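Reader: I am new to this structure and would like a close look at a single part of it, set in its surroundings. Could you take me through one place slowly, and then outward from there?

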Amino acid sequence: MSRTAPKSTTPPAVPHHIAVVMDGNGRWATRRFLPRVAGHHQGVESLRRCVRACASRGVRVLTVFAFSSENWSRPKDEVSGLMELLAMALGREVPRLRDDGVRLHFIGDRAALSERIRAGLAQAEAATAVNDRLVLNVCFNYGGRWDIVQAAARLAQEGLPITEASLGQSLALAHVPDPDLFIRTGGETRISNFLLWQSAYSEFVFSDKLWPEFDEAALDEAIGAFQRRERRFGQTSAQVAGAAPAGRQHSA
C-alpha cells in the first residue's frame with residue numbers, strides 16, 4: 001500500500017530583493033484627462049502601498065526607478081513637477097518611513113540636482129540610518145550605464161584592477177544583494193537602462209497594470225510567479241535540487 005508523501009510545511013521563498021520600474025504614471029493621468037504630474041502624485045501613493053506590502057511579506061530590500069538619467073528630456077513642466085514632488089515627498093514620507101523601520105538610500109548622480117534637493121536626500125538618509133526592517137533604494141537621476149561607468153572610473157582613479165568582483169563592489173547598490181525579482185509595470189517589456197549589471201540573474205515579471213494601479217494583489221501575483229520558477233544560476237536542475245547555489249546567501 002503506497003503512502004502519500006507528506007506536504008512540505010516550509011513556506012515558499014519570498015524574494016529578498018525586489019526591483020521595480022514604476023512605469024505608467026503619465027498614461028494613467030492622460031486616460032483621466034489629468035496633467036501627467038497628477039499621475040506621478042498618484043504614483044507616490046502606490047509606492048507607499050508597495051513599501052508597506054513588501055515589509056509585511058518579509059521582503060528585505062525594495063529598489064525603485066523613480067527618475068532616470070534620460071528623463072531630463074521630458075517636457076520641462078513635467079520635470080519641474082517631478083522635482084517639486086520629490087521635495088514634497090521627502091517632507092511628508094520620511095517621518096512615516098522612519099517610524100515604519102524603513103531605511104532610505106537615494107541612488108544616482110546628485111550633481112545635476114539642486115542644493116535644496118541634495119540636502120533633503122542627505123537628511124532623509126540620516127533620519128532613517130538606524131532602521132533595518134526594509135531597505136528602500138530610490139533610484140533618482142540614475143542609469144545603469146552611468147552606474148557601471150562611475151564604478152570603473154572610481155577604480156581607475158584609485159589605481160585598482162577592474163575585475164568582476166571589484167566593479168561589483170564599486171557600484172551604487174553594493175550595499176545590498178542583487179535583485180531576485182525585477183518587476184516592470186505599464187505593459188512595456190524592456191528594462192530601460194535600469195540595474196544592467198545587478199539584474200543579470202533576476203527573475204523578470206512584466207505587468208500590464210499601470211503603476212498607480214499596481215496594488216497588493218498585483219505584488220502577490222508577481223511574487224507567486226517568482227516562487228514558481230527554478231533559479232539555477234548556471235547549474236543544472238539536478239544540482240539545484242541537491243543544494244542551493246553557492247555564493248547566493250543574502251544579507252541586507
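Author:
**A buried leucine and the sheet around it**

Leu 173 is buried, because its relative accessible area is 4%, which lies under the 20% that serves as the limit for that word. The model in which this is seen is a predicted one. Along the chain, Leu 173 belongs to the loop between helix 6 (164–170) and strand 5. Leaving aside residues up to four places away in sequence, Leu 173 touches Thr 63, Ile 107, Asn 137, Leu 195 and Gln 198. A further point of reference is Gly 108, which is 65 residues apart from Leu 173 along the chain, while the C-alpha atoms of the two are separated by 9.8 Å.

From this loop we can turn to the sheet. It is an open sheet of 6 strands, paired in parallel fashion and arranged in the order 3-4-2-1-5-6. Its edges are formed by strand 3 (102–107) and strand 6 (203–206), each of which pairs on one side only. From one strand to the next, the twist averages 20 degrees. At one end of that order, strand 5 (residues 181–184) pairs with strand 6 in the parallel sense over 4 bridges, and here Ile 183 has Val 205 of strand 6 standing opposite.

Helices pack against this sheet as well. Helix 2 touches strand 1 (17–21), strand 2 (61–68), strand 3 and strand 4 (134–142), and its direction makes about 160 degrees with that of strand 2. Helix 7 (residues 216–227), for its part, lies across strand 1, strand 5 and strand 6, and runs at about 140 degrees to strand 5.

Helix 2 also has a helix as a partner. Helix 2 (residues 36–57) packs with helix 3 (residues 76–99) at an angle of about 25 degrees, and their axes are 10 Å apart. The two helices are therefore roughly parallel, and their crossing is right-handed. On the side of helix 2, the contact is made by Arg 36, Val 37, His 40, His 41, Val 44, Glu 45, Arg 48 and Val 51, and these meet Glu 78, Gly 81, Leu 82, Leu 85, Met 88, Arg 92, Glu 93, Arg 96 and Leu 97 of helix 3. Sorted by class, this contact holds 7 nonpolar, 3 polar and 7 charged residues.

Methods
Residues numbered from 1 in each chain as written. Predicted model: local features only at pLDDT ≥ 70, side-chain atom pairs only at ≥ 80, totals over all residues. Heavy atoms only, no water. Axes fitted to C-alpha atoms, helices over the stretch in contact; angles between N-to-C directions. Parallel < 35°, antiparallel > 145°, perpendicular 65-115°, else oblique. Left-handed = near helix turned anticlockwise from the far one by under 90°. Contact = heavy atoms within 4.5 Å. Nonpolar A, V, L, I, M, F, W, Y, C, P; charged D, E, K, R; others polar. Pairing = 2+ DSSP bridges. Buried < 20%, exposed > 50% of the residue type's maximum accessible area, 1.4 Å probe, protein only.
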